[in-house]
Amino acid sequence: MESFTNRKKVVSDKPMTFIEKLYLPSIFSGMMITMKHILTRKKTIKYPEEIRVFAPVYRGQHVLKRDEEGRENCTACGLCAVACPAEAITMVADERKRGEENLYREEKYASTYEINMLRCIFCGLCEEACPKEAIFLTDRIVPTEFERANFIYGKDKLVESMEDRIDISLRQNTGKRGAI
Amino acid sequence: MIKVTIDNIEVEVEPGTTILNAARQIGGEVVPPAMCYYSKLPGTGGKCRTCLVEVAAGSTADPRPMPKLVASCSTNVMDGMIVKNKTSEKVHENRGGVVEFLLANHPLDCPVCDQAGECHLQDLSYEHGAQKSRFEEEKRTFDPIDIGHTIKLHMNRCILCYRCVHVANNLTENRVHGVLNRGEHAEISTYIENAIENDFSGNMIDVCPVGALTDKTFRFKSRVWFLKPMEAECSCTKCSGKAVLWMFGNEVYRVTARKDTYGEVEDIEGKPGWICNECRFEKKDTAKWNVTGPRVVDRHSVISQGKYETKIDSPTKNIE
């Protein structure tokens with residue numbers, strides 16, 4: 001029968017020769033491979049002391065941005081949630097009351113906004129769908145937790161604070177959307 | 001019966017039919033879009049200019065082409081007329097211009113607007129509009145007004161199609177709202193902010209092609225693509241009682257009339273299926289409705305996100 005692959009090998013059970021019975025050449029060639037790897041540069045790093053540099057457009061934990069005046073950009077339009085292939089995003093919208101103009105940029109805002117970090121696959125489609133430049137992925141890693149419920153990030157963890165703003169200018173300048 | 005050719009497709013229609021309605025008898029891609037014409041409301045049409053088509057030959061008697069593009073919603077067909085819609089480069093170019101004019105004063109606040117996802121202006125500008133606006137002047141702005149306790153008017157978004165005015169003219173006895181002022185300053189308004197209180201006033205939400213008139217009881221509650229439209233009926237003395245429930249789980253978020261592919265209310269037992277305000281605003285409970293099945297949504301619509309494409313037929317249907 002014709003072989004389906006070119007990797008087929010015929011197994012033989014002929015007795016080993018004297019040199020093969022000594023095993024020394026095989027041991028020596030094996031040790032050579034080991035020695036070669038001892039001398040090459042290490043692939044691993046000692047993590048907590050040493051941190052590997054991320055790509056500038058690494059897709060890690062999300063941030064909900066505020067504008068220059070500290071107002072939340074998000075208007076709860078739901079495009080991130082409908083774009084999300086993992087269905088990780090949920091939100092509830094609310095109407096801005098009089099006197100809250102310094103908190104929210106548009107007349108509608110997200111009163112709750114939750115991302116399930118266990119569901120999220122960090123594909124970045126939410127960021128691409130966002131018409132208001134509100135959600136961005138950052139180069140921060142989602143920390144480990146002991147409870148599953150703690151992985152559902154609400155607005156308290158997602159919205160940036162004005163004192164400690166998160167720079168996303170590198171992700172912004174990829175020139176992917178024409179602002180209206 | 002007279003013969004008319006639209007985009008190389010021949011169709012026989014009654015004399016007195018408009019080009020738009022002749023195209024709707026063919027259906028599909030040859031139908032010009034219409035923002036102001038509404039077949040269920042007599043008197044509408046001829047305002048928005050989105051349905052402009054090219055007439056390549058007027059009739060068999062006089063086969064000269066018409067010099068300009070004509071509004072298909074208000075031009076009657078003639079025997080042997082040859083109409084170009086999709087096949088005409090001129091029409092496509094002009095429609096882009098019309099969309100640009102319609103968007104000149106439109107705020108483009110789709111992320112906030114409740115109509116987004118089922119907005120005709122959104123569909124139209126997606127198909128014909130430019131990526132960027134050339135309009136640099138300041139857009140006219142109005143404050144949102146409450147018309148009664150159930151309807152919100154965002155005059156910013158209005159394209160002055162006059163459909164809602166015709167709803168008031170045709171469905172009710174005493175008209176209490178209309179268009180004030182002219183030209184740039186024209187606006188839909190009530191007489192000194194009168195509340196509109198009659199049983200069928202809610203239908204002006206359904207006829208509005210943009211998000212100018214929206215349901216206050218549904219305002220900012222959800223987005224249409226998260227909701228599942230279900231066909232339902234109830235016994236109502238005022239209207240047909242046949243409506244669409246927009247549901248999220250077992251909760252009814254809003255109730256609308258049943259709309260066909262052109263965004264117009266469907267005929268129910270030979271009459272347009274307008275629904276009354278009680279059905280629309282007050283019966284937001286599945287116990288008050290008999291839910292008959294899912295509503296078929298166009299596959300290309302954002303509303304069909306994560307939903308079944310067609311009704312599931314009974315498995316025994318094809319066995320005989």
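**Exercise 1.** How many residues does the contact take from chain A, and how many from chain B?

*Solution.* Begin with the conventions: this is a predicted model, in which local features need pLDDT of at least 70 and side-chain atom pairs count only at pLDDT 80 or more, while totals for chains, interfaces and linings use all residues. Residues are numbered from 1 along each chain as its sequence is written, and chains are lettered from A and ligands numbered from 1 in the order in which they are written. Two residues are in contact if their C-beta atoms, placed from the backbone, lie within 7 Å; the contact then takes 14 residues from chain A and twelve residues from chain B. On the side of chain A that touches chain B, the largest share, three residues, comes from strand 2 of chain A, where strands are DSSP runs of E with at least two residues, helices are runs of H or I with at least four, and both are numbered from the N terminus. As for confidence, the predictor gives the complex an ipTM of 0.79 and a pTM of 0.81.

**Exercise 2.** Find the order of the strands in the open sheet of chain A, and its edges.

*Solution.* The sheet has three strands in the order 2-3-5, with antiparallel pairing, and two strands count as paired if DSSP finds at least two bridges between them. Strand 2 (89–95) and strand 5 (152–153) of chain A are the edge strands, each pairing on one side only. Strand 3 (residues 108–116) of chain A is joined to strand 5 of chain A by two bridges, and A:I115 stands opposite A:Y153 in strand 5 of chain A.

**Exercise 3.** Describe the domains of chain B and the largest nonpolar core.

*Solution.* The domain assignment, which is automatic or from a database, gives chain B domain 1 (2–98), domain 2 (105–218) and domain 3 (224–297). The centres of domain 1 and domain 2 of chain B, taken over C-alpha atoms, are separated by 26 Å, and their contact takes 13 residues from domain 1 and 15 residues from domain 2.

A nonpolar core is a set of buried Ala, Val, Leu, Ile, Met, Phe, Trp, Tyr and Cys residues joined through C-beta atoms within 7 Å, a residue being buried if 20 or more other C-beta atoms lie within 10 Å of its own, exposed if 12 or fewer, and partly exposed in between, with C-beta atoms placed from the backbone. The largest has 52 residues, and B:M35 is one of those with the most contacts inside it. Helix 2 (residues 89–104) of chain B gives the most to this core, with five residues.
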